[in-house]
Amino acid sequence: NKKRKYTERELENYLAVSVDLVAIVGKDGYFKKISPNWKNVLGWSEEELLSMPIVDIVHIEELESFKGRKKHEEIDQQITRHNIRFKHKDGHYVHLEWNSMYTKEEEIYITTSRDITKTIEIENEKKLLEKAMDAEIAKNEFLEELYYCLCGVPIVLPPLRERGNDI
């Protein structure tokens with residue numbers, strides 16, 4: 001009993017200092033235990049997260065991927081990885097890199113997650129900048145080609161003094 005309490009305290013300390021989001025999820029789809037950082041990342045209190053099904057805060061477009069298609073027995077001790085959007089308490093979505101392993105004996109998932117929202121935003125901005133650069137390069141190539149074509153066409157204009165009607 002003393003060793004068990006020590007182990008539990010050790011686990012609590014580990015969860016408290018972990019930067020990652022660590023959780024134990026029941027087969028029923030509810031959090032059973034979460035690290036404190038879940039509140040920092042998603043805004044929900046521990047009590048709120050423990051009392052709602054996880055699927056309530058998973059983005060609707062990713063529910064199928066999150067739930068998976070395999071039965072629990074088929075994934076025993078296998079690690080699965082997904083990028084899933086979770087709903088923050090204020091309504092926006094946070095991208096989490098979700099890793100989980102189901103243990104058949106305890107009928108629980110051991111999970112770790114990491115907030116990758118900033119990384120995804122940077123990747124998206126990078127893609128937009130690359131598109132803008134490609135468009136600018138295409139525009140410059142077009143103007144260069146146009147200039148080249150125009151330089152090859154001689155334009156002869158008489159002096160203004162000879163074009164009295166143009167003035």
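A nonpolar core is here a set of buried Ala, Val, Leu, Ile, Met, Phe, Trp, Tyr and Cys residues joined through side-chain atoms within 4.5 Å. The exercises below apply to a predicted model.

**Exercise 1. The core**

Task: State how many residues the largest nonpolar core has, and find which elements supply it.

Solution.
Step 1. The largest nonpolar core has 22 residues. Those with the most contacts inside it are Phe-31, Trp-38, Leu-42, Ile-54, Phe-86 and Trp-98.
Step 2. Two or more residues of this core come from each of β1, β2 (31-34), α2 (37-42), β3 and β4.
Step 3. β4 gives the largest share, four residues.
Step 4. Take Phe-86 as an example. Leaving aside residues up to four places away in sequence, Phe-86 touches Leu-42, Ile-54, Ile-57, Val-58, Phe-66, His-92, Tyr-93, Val-94, Leu-96 and Trp-98.
Step 5. As background, nonpolar side chains in soluble globular proteins tend to be buried together.

**Exercise 2. Strand pairing**

Task: For the pairs β3 with β4, β4 with β5, and β1 with β5, give the sense of pairing and the number of bridges.

Solution.
Step 1. β3 and β4 are antiparallel and pair over nine bridges. Within this pairing, Ile-84 is opposite Leu-96 in β4. The two strands form a hairpin with five residues between them, and Gly-91 in the turn has a positive phi of about 110 degrees.
Step 2. β4 and β5 also run antiparallel, joined by eight bridges. Thr-103 has Ile-108 in β5 as its bridge partner, and Asn-99 stands opposite Thr-112 in β5. This hairpin has four residues between its strands, with Glu-107 in the turn at a positive phi of about 55 degrees.
Step 3. β1 and β5 pair in the antiparallel sense over six bridges. Here Ala-23 is found opposite Thr-111 in β5.
Step 4. Reading the pairings in order, β3 pairs with β4, β4 with β5, and β5 with β1.

**Exercise 3. Salt bridges between separate parts of the chain**

Task: Work out which parts of the chain are tied together by Asp-20 with Arg-114, by Lys-89 with Glu-48, and by Arg-85 with Glu-61.

Solution.
Step 1. A search of the whole structure gives seven salt bridges. The general basis is that side chains of opposite charge can pair when their charged atoms come close.
Step 2. Asp-20 and Arg-114 meet through their side chains in a salt bridge of 2.9 Å, N to O. Asp-20 is in the loop between α1 (2-17) and β1 (21-26) and Arg-114 is in strand β5 (residues 108-115), so this salt bridge ties together parts that are 94 residues apart in sequence. Arg-114 counts as partly exposed because its relative accessibility is 45%.
Step 3. The side chains of Lys-89 and Glu-48 also form a salt bridge, at 2.9 Å, N to O. Lys-89 sits in the loop between β3 (79-87) and β4 (93-103) and Glu-48 in helix α3 (residues 46-51), so the pair ties together parts 41 residues apart in sequence. Lys-89 is partly exposed at 44% relative accessible area, and Glu-48 is partly exposed at 25%.
Step 4. Arg-85 forms a salt bridge with Glu-61, with the closest N and O atoms 3.0 Å apart. This pair links distant parts of the chain: Arg-85 in strand β3 and Glu-61 in the loop between α3 and α4 (63-67), 24 residues apart.
Step 5. Shared partners join Glu-61, Glu-62 and Arg-85 into one salt-bridge network.

**Exercise 4. Buried or exposed**

Task: Classify Arg-85, Glu-61, Glu-46 and Leu-150 as buried, partly exposed or exposed.

Solution.
Step 1. The cut-offs are under 20% relative accessible area for buried and over 50% for exposed, with partly exposed in between.
Step 2. Arg-85 has 19% and is therefore buried.
Step 3. Glu-61 has 63% and is therefore exposed.
Step 4. Glu-46, in helix α3, has 36% and so counts as partly exposed.
Step 5. Leu-150 has 52% and so counts as exposed.

**Exercise 5. A surface patch and a long distance**

Task: Identify the residues that make the nonpolar surface patch of about 390 Å², and state how far apart Glu-46 and Ile-137 are.

Solution.
Step 1. The patch is made by Phe-142, Leu-143, Leu-146 and Leu-150.
Step 2. Leu-150 belongs to helix α5 (residues 117-151).
Step 3. Glu-46 and Ile-137 are 91 residues apart in sequence, and their C-alpha atoms are 51 Å apart in space.

Conventions
Residues are numbered from 1 along each chain as its sequence is written. This is a predicted model: local features need pLDDT of at least 70, side-chain atom pairs count only at pLDDT 80 or more; totals for chains, interfaces and linings use all residues. Side-chain values use heavy atoms; hydrogens and water are left out. Patches are made of residues with over 30% relative accessible area and no salt bridge: like charges are joined within 9 Å, nonpolar side chains (Val, Leu, Ile, Met, Phe, Trp, Tyr) within 5 Å. Accessible areas come from the Shrake-Rupley method with a 1.4 Å probe; for residues, only the protein chains shown count as cover. A salt bridge is a side-chain nitrogen of Lys or Arg within 4 Å of a carboxyl oxygen of Asp or Glu. Buried means under 20% relative accessible area, exposed over 50%, partly exposed in between (1.4 Å probe, protein chains only). Two strands pair if DSSP finds at least two bridges between them. Contact means heavy atoms within 4.5 Å.
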